[in-house]
Amino acid sequence: MRLFCIALLAALPWSSQAASKINVIAATEDLAALAREVGGDAVTVDSIARGYQDPHFVEPKPSFILKLQKADMLLRVGLDLEIGWLPPLITQSRNAKVQRGGPGDMDMSQFCQILEKPTGPVSRAQGDVHPLGNPHYWLDPDNGRRMAKALADKFSAIQPENAAAFAQRYADFDKRLTTAVKGWEAKMAPYKGHKVITYHRSWPNFCDRFGMVVVDYVEPKPGIPPSPQHTLDVENTMKQQGIKLILVEPYFDLKTPNKIAADVGGQVVVLMPSVGGNKETATYFQLFDYDINLLVNAFSKTK
Ligand SMILES: [Zn+2]
């Protein structure tokens, strides 16, 4: 009987494979979602920041260090997005694999098209939280595609025996994304060139991709709270140019956006900037489905 049990255990597929899965920790749920798309059963994926949190400002917890201690890979957004909270967690994990420049450290920005790159000297002195270019680049599906390809290549380097499976999963993701993008672009086509205001500079990649023009921001600078003078300037711009929509991330106070909307006869739209922000945005695809449906609905009401 005992022999039989051992034989049965040995036949169970997960008993031998569990230990060899690549343990991926992602700084954000967007990067985690892409790793799941490409990694499939060969990886375990967890994330640190939740999709409903402002990724610039995440409260560090001891549990995050535990996650990093066991990680084979750490996926970061980079461009200083996580500078306020991630570096101490990495140091305290004492895991050589995920230290900056370590074999499992992946700054995903290096694979992507980055907008708003600074041309002059870089300084955070003004409180600007985007000193190295815009870090919200995952909101262009083409950047999602680039990251998925980079992940497939990296997973294959770590686990050459699964390279064909990773390549297949990437090819499948690429195909599904191409189809999805066509659908999203078709839905947004009637609103091409429409102007919007956004609270934070989270949406340049998204708006470029889907044909919207961002004219101004509720924040005077990225990371700087609204000021009365700037709010007045935004209202004047909206009135002069007939702008109706103010796009707001779910973690900002709605007081100022609501006031602006009331003053100019506009509309506040709370878009989801990250996977996992709510139940309806559980995957990379659902994130765009959700935001584009909200936008189409809002634009159709402002006609
Ligand atoms: Zn930002």
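**Exercise 1.** Determine how strand β3 is joined to β4, and place the pair in its sheet.

*Solution.* Step 1. Strand β3 (residues 73–76) runs parallel to β4, and three bridges join them. Strands here are DSSP runs of E with at least two residues, numbered from the N terminus, while helices are runs of H or I with at least four residues. Two strands pair if DSSP finds at least two bridges between them.

Step 2. L74 has D105 in β4 as its bridge partner.

Step 3. The open sheet has four strands in the order β2-β1-β3-β4, with parallel pairing. β2 (43–47) and β4 are at the edges with a single partner strand each, so one side of each lacks a neighbour in the sheet.

The model is predicted: local features need pLDDT of at least 70 and side-chain atom pairs 80 or more, while totals for chains, interfaces and linings use all residues. Residues are numbered from 1 along each chain as its sequence is written, and side-chain values use heavy atoms, without hydrogens and water.

**Exercise 2.** Identify the protein donors of the zinc ion and their arrangement.

*Solution.* Step 1. Donors are N, O and S atoms within 2.8 Å of the metal (3.2 Å for Na, K and Ca); water is not among the atoms, so sites may look incomplete. The NE2 atoms of H56, H130, H136 and H200 lie 1.9 to 2.0 Å from the zinc ion.

Step 2. The spacing of the donor residues in sequence is H-x73-H-x5-H-x63-H. H136 lies in the loop between β4 (105–107) and α6 (141–158), and H200 in the loop between β5 (195–198) and α8 (204–210), so this pair ties together parts 64 residues apart in sequence.

Step 3. The four donor atoms subtend angles of 104 to 112°, which makes the arrangement tetrahedral (four donors, all angles between 85 and 135 degrees).

How values were computed
Tetrahedral: all angles 85-135°; square planar, octahedral: opposite > 155°, others 65-115°.
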